[in-house]
Amino acid sequence: MTPESVMRLAIEQAEQVKGSTYPNPPVGAVILDRDGQIAGVGGTQPVGGPHAEVVALQAAGDRAKGGTAVVTLEPCNHHGRTPPCVDALLASGVSDVTYAVSDPNPAAAGGARRLADAGVTVSTGLLADEVEKGPLREWLHKQRTGLPHVTWKFATSVDGRSAAADGSSQWITSEAARADVHRKRAAADAIVVGTGTVFVDDPTLTARRADGTLTDHQPLRVVVGMREVSLDAKVLNDDSHTMLIRTHDAHEVMRSLGDRTDVLLEGGPTLAGAFLRAGVVNRILAYVAPILLGGPITAVDDIGVPSILHAQRWRFDGINAIGPDVRLSLVPN
């Protein structure tokens, strides 16, 4: 296996545990034996459980000695709920450690230097861009800014309509696109909608598998606005916890969610406009269906752009076909 293919296997492990590790980062690790064969793989377990390196080392056993550890994030060098991962790596006898991204948390950083001081060959930067745009995107943003990472997710027709003229919107996009959204929900810490969405659509706001069952991890459901929410609303059922925030201020919502990392904004055009005006959206995920609807219902209302000269500028960082639809990923320009 090439170094890149091994790191991509570690990235896959990180993606698989994303959503279950909060507040720890979703990390993946692969252990190669001294002959370069895979001896163990693993991802960080829920809080209080072992980190990715320890899971992979446990699977590798004695085969780790003289081998290589490939990790998506620099091994931690601090004692939190679990001992430092550096301790486990040194005890295993690995001779090489490769990681993609340095740990920006001063309390946890320093693992690479300690490994090198102990005689382990250390290298960094392998597929760093894929890791930063992939499983660690939201966690790195939180570490660097102290704020939750907000992704505005919406579905639209190719002419930019989020519903038909009569208000019907189920379903604009395909089953494949909806399944992709549920995977995103299952990895998120919170989903935010407005009271208008609850009143019109009565959504459950849960993450579900293809067979309709709930995934193991359910994000916090957050309803924003001044309107009263009916006690019979599905968003208040027992499938997950729900937070009601009485405000129209996007910054106040962000403060209320300050302990979260990965936030999905799924509200209607009014709430989306408020978050975009406030400048707190870090990523846009647009699921575009090859249909035309026309009519007055667009994906977003006023965002404070008086002319084309003042347009918000974004750039694509991903374009993917999802069934018959297209998923567009954009970040601020």
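Which residues does histidine 141 touch, not counting residues up to four places away in sequence? The points below take up this question and then other parts of the predicted model.

1. **Histidine 141.** The residues touched by histidine 141, beyond those up to four places away in sequence, are Gly146, Leu147, Pro148, His149 and Asn282. Histidine 141 itself is found in helix α6. Its relative accessible area is 18%; the limit for a buried residue is under 20%, so histidine 141 counts as buried.

2. **Helix α6 and the residue after it.** Helix α6 covers residues 137-145, and its buried residues include Arg137, Glu138, Trp139, Leu140, His141 and Lys142. Glycine 146 follows α6 and has a positive phi, near 80 degrees. Glycine 146 is also one of the residues that histidine 141 touches.

3. **From histidine 149 into the sheet.** Another residue touched by histidine 141 is His149. Histidine 149 stands opposite aspartate 262 in β10. The strands concerned are β6 (residues 149-157) and β10, which pair in the parallel sense over four bridges.

4. **Strand β10.** This strand comprises residues 262-265. Asp262 and Leu264 point one way from β10, whereas Val263 and Leu265 point the other way, and all are buried. Such a pattern has a general basis: in a regular strand, side chains alternate between the two faces of the sheet. Strand β10 also runs parallel to β7 (residues 190-194), to which three bridges join it. In that pairing, alanine 190 stands opposite valine 263 of β10.

5. **The sheet as a whole.** Eight strands form an open sheet in the order β9-β8-β7-β10-β6-β11-β13-β12, and the pairing is mixed. Its edge strands are β9 (242-245) and β12 (314-322), each of which pairs on one side only. Direction ignored, neighbouring strands of this sheet are turned by 20 degrees against each other on average. At the β9 edge, strand β8 (residues 220-224) runs parallel to β9 and is joined to it by four bridges. Valine 224 has isoleucine 245 in β9 as its bridge partner.

6. **Helices lying across the sheet.** Helix α7 (residues 175-187) lies across β6, β7, β10, β11 (283-289), β12 and β13 (325-332). Its direction is at about 160 degrees to β11. Helix α10 (residues 269-278) lies across β6, β7, β8, β10 and β12, and runs at about 115 degrees to β7.

7. **The largest pocket.** The volume of the largest pocket is about 1,300 Å³. Its lining consists of 48 residues, of which Thr197, Asp201, Glu266, Gly267 and Gly268 lie nearest the centre. The elements that contribute two or more residues to this lining are β6, α7, β7, α8 (195-201) and α10. Helix α8 gives the most, with six residues.

8. **The annotated binding site.** An unreviewed UniProt entry lists His51, Cys76 and Cys85 under "binding site". These positions span 35 residues in sequence, yet no two of their C-alpha atoms are more than 9.3 Å apart, so they gather at one spot.

9. **Histidine 51 and cysteine 85.** Is histidine 51 buried or exposed? Its relative accessibility is 15%, and histidine 51 therefore counts as buried. Histidine 51 lies in the loop between β2 (38-43) and α2 (52-60). Leaving aside neighbours within four places in sequence, histidine 51 is in contact with Asn24, Thr44, Cys76, Thr82 and Cys85. Cysteine 85 is placed in helix α3 (residues 85-92) and is buried, with a relative accessible area of 2%. With the same neighbours in sequence left aside, the contacts of cysteine 85 are His51, Glu53, Pro75 and Cys76.

10. **Glutamate 4.** Helix α1 (residues 3-17) contains glutamate 4. This residue is partly exposed, with a relative accessible area of 34%. Not counting residues up to four places away in sequence, glutamate 4 touches Leu126 and Leu127. Glutamate 4 and valine 70 are 66 residues apart in sequence, and their C-alpha atoms are 10.0 Å apart in space.

Technical notes:
Residues are numbered from 1 along each chain as its sequence is written. This is a predicted model: local features need pLDDT of at least 70, side-chain atom pairs count only at pLDDT 80 or more; totals for chains, interfaces and linings use all residues. Side-chain values use heavy atoms; hydrogens and water are left out. UniProt positions are given in the numbering used here, feature names are shortened, and annotations may be inferred rather than shown by experiment. Buried means under 20% relative accessible area, exposed over 50%, partly exposed in between (1.4 Å probe, protein chains only). Contact means heavy atoms within 4.5 Å. Two strands pair if DSSP finds at least two bridges between them. Axes are lines fitted to C-alpha atoms, for helices over the stretch in contact, and angles run from 0 to 180 degrees between N-to-C directions. On a 1 Å grid over the protein atoms alone, a cavity is a set of points where a 1.4 Å probe fits but cannot get out, and a pocket is an open set with protein on both sides within 12 Å along at least five of seven lines; lining residues have an atom within 4 Å of a point. Grid points are joined across faces, edges and corners, and a volume is the space filled by probe spheres set on the points.
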